[in-house]
Number of protein chains: 2
Amino acid sequence: MVRAAATEFDRDGYDGTSLAKISKSAGISMGALTFHFSSKNELAETVQNEGRALTRAALERVTAQPAPALQAAVNITLELTRLVEEEAIVRSAVRLVRERPDSDLWSDLWVPAVRRLLDHAYAQGQLRGDAEPADVAVLAEHLTAGAEAYLRTRLGTGAEFESATAQLERVWRLALAGISSPGRGQRTPPEDASGSTG
Amino acid sequence: MVRAAATEFDRDGYDGTSLAKISKSAGISMGALTFHFSSKNELAETVQNEGRALTRAALERVTAQPAPALQAAVNITLELTRLVEEEAIVRSAVRLVRERPDSDLWSDLWVPAVRRLLDHAYAQGQLRGDAEPADVAVLAEHLTAGAEAYLRTRLGTGAEFESATAQLERVWRLALAGISSPGRGQRTPPEDASGSTG
């Protein structure tokens, strides 16, 4: 039932979803549905709670793995993107947060953890001296929101598209190393034409 | 009328908006409103068309200015973010694209121009050799979507928040230069290694 509700909310939004549609897509009677959930509001709350729980579990999974702080921060955004990509409950919860003004922001669940890791990374010299942890946290939030937006515009269109997680990995590689060619305002020697790829 | 409709669509989405609400917020009678727009659908189309026109005009404004290709690509994302931040019609159009499945993607209006500029930038050596224009274009799209998501979760909450455009400028500075400290996987000489013993 919750999964069916999540799928409907994810596709059609809160306003576009009704208990009748959910009961139909779950293949159960309205009576059985409303026995468990008296209102659309209650179902949305349940989806949001489960989405939050899955998000927290993902966060714990990533932070339990040994990794340098900067990589751990990046890994959080990748794991959450994978979750948004694969798990309709989370994707739906993220959408519902936006559509139901009283909800806590989804990013409030994980950006603080990313920020703490970035503070550590900075203290340990993993970040450039001019890369403020607060700004890097905004970068992480923007990239994750960008990956979600990418998914949302492509899911359900029937068209093939690249995995948002694989794409985000490549984008992070760029952001970690910088995209400007050395010599354009960077404090690096002008050139290094090694073609070594990994 | 179009502005009032945009404000409603932007705040409450397509499903959450009615002609009655629009006529009320525009301060005109339903008769006057429906004289011009026979349906909510027609009003949404008009808002989306105006949003597209404003987007194209912004694109032309930016590309008319002389700037290195990489900077011009960045400037497009900044100008569009400023537009989304300040112009309810554009913000509303971007939201409506997501909620009305038959609409063309907003990003299709501007990502191709960004991509062309990045191809030039690459050819001119403004990008690092390993920064593929296609990936940098994804970075640009993610950052712009991230800035929009940032705005959308904060607008209308009544809380003070930093300009999305100013924030995006800082994030771009990071992405251009890279956030990892030299020596961590980058092909740059170790800057004075300040005693980091494991």
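Two residues are in contact when heavy atoms of one lie within 4.5 Å of heavy atoms of the other. This tour applies that rule to a predicted model, beginning with the two chains together and then moving to single helices and residues.

**Stop 1: the interface of chains A and B**

Colour chain A and chain B separately, and select the residues of each that touch the other chain. On chain B there are 47 such residues, and they are in contact with 48 residues of chain A. Between them the two chains bury about 4200 Å², of which 63% is on carbon and sulfur atoms.

Next, display the charged side chains along this interface. Side chains of opposite charge can pair when their charged atoms come close. Across the interface of chain B and chain A there are 4 salt bridges. To view one of them, select B:Arg154 and A:Glu141, whose side chains meet with N and O 3.8 Å apart. The count of residue pairs in polar contact between chain B and chain A, with both residues at pLDDT 80 or more, is also given as 4.

Now keep only the side of chain B that touches chain A. Helix H8 (133–154) and helix H9 (164–177) of chain B each supply at least two of its residues. The largest share, 14 residues, comes from H8 of chain B. Sorted by class, this side of chain B has 23 nonpolar, 12 polar and 12 charged residues.

**Stop 2: A:Arg154 at the interface**

Select A:Arg154, which lies in helix H8 (residues 133–154) of chain A. What does A:Arg154 touch, leaving aside residues up to four places away in sequence? The residues are A:Phe161, B:Leu105 and B:Glu141. Within chain A, a polar atom of the A:Arg154 side chain lies 3.3 Å from the backbone oxygen of A:Tyr150. The side chain of A:Arg154 is also joined to that of A:Thr153 by a polar contact of 3.0 Å.

**Stop 3: helix H2 of chain A**

Move to helix H2 of chain A, residues 19–26, and show A:Leu19, A:Ile22 and A:Ser23, which are buried. Turn the view to look down the axis of this helix: the buried residues fall within an arc of 100°, so they line one face of H2. To see what covers them, add helix H1 (2–12), helix H3 (30–36) and helix H4 (40–64) of chain A, which are included in that cover. Then step to A:Gly27, just after H2 of chain A, where phi is positive at about 70°.

**Stop 4: salt bridges within the chains**

Over all chains, the count of salt bridges comes to 36. A few of them can be visited in turn.

Select A:Glu8 and A:Arg11, whose closest N and O atoms are 2.9 Å apart in a salt bridge. Both residues belong to helix H1 of chain A and are 3 residues apart, about one turn of the helix. Is A:Glu8 buried or exposed? A:Glu8 has a relative accessible area of 6%, and is therefore buried, since the cut-off for buried is under 20%.

Continue to A:Arg61 and A:Glu79, which form a salt bridge with a closest N to O distance of 2.7 Å. This pair links distant parts of the chain, with A:Arg61 in helix H4 and A:Glu79 in helix H5 (residues 69–86) of chain A, 18 residues apart. A:Arg61 is partly exposed, at 40% relative accessible area, whereas A:Glu79 is buried, at 16%.

In chain B, select B:Glu148 and B:Arg152, whose side chains meet in a salt bridge of 2.8 Å, N to O. The two are separated by about one helical turn because they are 4 residues apart in helix H8 of chain B. Both B:Glu148 and B:Arg152 are buried.

Return to chain A and show A:Asp10, A:Arg91, A:Arg98, A:Glu148 and A:Arg152 together: a network of salt bridges links these residues.

**Stop 5: A:Val47**

Finish by selecting A:Val47, placed in helix H4 of chain A. A:Val47 is buried, with a relative accessible area of 0%. Which residues does A:Val47 touch, not counting those up to four places away in sequence? They are A:Val2, A:Ala5, A:Ala6, A:Phe9, A:Ile89, A:Ser92, A:Ala93 and A:Leu96. As a last distance to display, A:Val47 and A:Leu80 stand 17 Å apart in space, C-alpha to C-alpha, and 33 residues apart in sequence.

Methods
Residues are numbered from 1 along each chain as its sequence is written. Chains are lettered from A and ligands numbered from 1 in the order in which they are written. Side-chain values use heavy atoms; hydrogens and water are left out. Buried area is the accessible area (1.4 Å probe) that two parts lose on being put together, summed over both. A polar contact is a pair of N or O atoms within 3.5 Å; within protein, one must be able to donate a hydrogen and the other to accept it, and residues adjacent in sequence count only if both atoms are side-chain atoms. Ala, Val, Leu, Ile, Met, Phe, Trp, Tyr, Cys and Pro count as nonpolar, Asp, Glu, Lys and Arg as charged, and the others, Gly among them, as polar. Buried means under 20% relative accessible area, exposed over 50%, partly exposed in between (1.4 Å probe, protein chains only). The arc is that of the directions from the helix axis to the C-beta atoms.
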